[in-house]
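Me: Please take a close look at one part of this model, the largest pocket. Then follow the chain outwards from there, and keep the criteria explicit.

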Amino acid sequence: MTSFESSIKQIPYPQTAVYQSLSNLENLEKVRDRVPEDKIKDFSFDRDSVSINVDPVGQISLRICEREKPKCIKFEAAQSPMPFNLWIQVLPVTETTSKMKLTLKADIPFMLKGMVSRPLQDGLEKIADALAQIPYA
């Protein structure tokens, strides 16, 4: 498994508010208008799963497999060209602020590692940036 980590993002909301919002994927409705339709299509979600179609990768579906209130949400790929897991870690900084980091572990075939590592790292960073900008109030 190859591991990728986002940079740590500062969030101007308390840990519990961030966790509660991210642990229920129906709250993605708040950011639906920020999803770039030229890159991501067929964006759908329910409480425990999210599904997108990304060119040129295809359909990707994630499912929450574990919640560690109030600090971590773990996802597993339900549908993907390669198996992977994603963790969203949220830790308190003060009573009113928190920090977040995303970790992706993917089972990438050796022959593809050089081609997909950079796009995966960049994509993870963009997701972390987007999550850090959500209004969690």
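Reply: **The largest pocket**

Helix α2 supplies 10 residues to the lining of the largest pocket, the largest share. Helices (H or I, at least four residues) and strands (E, at least two) are taken here as DSSP runs, numbered from the N terminus. The model is a predicted one, in which local features need pLDDT of at least 70 and side-chain atom pairs count only at pLDDT 80 or more, while totals for chains, interfaces and linings use all residues. Residue numbers start from 1 along each chain as its sequence is written, and side-chain values use heavy atoms, with hydrogens and water left out.

The volume of the largest pocket is about 1600 Å³. A pocket is an open set of points on a 1 Å grid over the protein atoms alone, where a 1.4 Å probe fits and protein lies on both sides within 12 Å along at least five of seven lines; its lining residues have an atom within 4 Å of a point. Points are joined across faces, edges and corners, and the volume is the space filled by probe spheres set on them.

In total 43 residues line the largest pocket, and those nearest its centre are I40, I52, V54, G123 and I127. Two or more lining residues come from each of α1 (15-22), β3 (40-45), β4 (49-54), β5 (58-68), β7 (84-92), β8 (98-106) and α2 (110-132). Sorted by class, the lining holds 31 nonpolar, six polar and six charged residues. In this scheme Ala, Val, Leu, Ile, Met, Phe, Trp, Tyr, Cys and Pro are nonpolar, Asp, Glu, Lys and Arg are charged, and the others, Gly among them, are polar.

Helix α2 has 23 residues and spans 32 Å from first to last C-alpha, close to the expected 33 Å at 1.5 Å a residue; the expected span is 1.5 Å times one less than the number of residues. At V116 helix α2 bends by about 50 degrees, and the proline P119 follows within four residues. The bend is the angle between axes fitted to the seven residues ending at a residue and the seven starting there.

V116 is also one of the buried residues of α2, the others being Q121, L124, A128, L131 and A132. Buried means under 20% relative accessible area, exposed over 50%, and partly exposed in between (1.4 Å probe, protein chains only). K113, also in helix α2, is partly exposed because its relative accessible area is 33%. Its C-alpha is 40 Å from that of T96, 17 residues away along the chain.

Q121 has a contrasting partner: its C-alpha is 7.4 Å from that of S6, although 115 residues separate the two along the chain. S6 sits in the loop between β1 (2-5) and β2 (9-11), and is buried, at 6% relative accessible area.

F84 belongs to strand β7 and counts as buried because its relative accessibility is 14%. The C-alpha atoms of F84 and I108 are 8.7 Å apart, with their positions 24 residues apart along the chain.

Strand β5 leads to a loop, between β5 and β6 (72-79), that contains P70. The peptide bond from K69 to P70 is cis, with omega near -5 degrees. Most peptide bonds are trans.

With a disulfide defined as a pair of cysteine sulfur atoms within 2.5 Å, the count is zero. C65 is in no disulfide, as the nearest cysteine sulfur, that of C72, is 9.1 Å away. That distance is too far for a bond. C65 is partly exposed at 41% relative accessibility, whereas C72 is buried at 7%.
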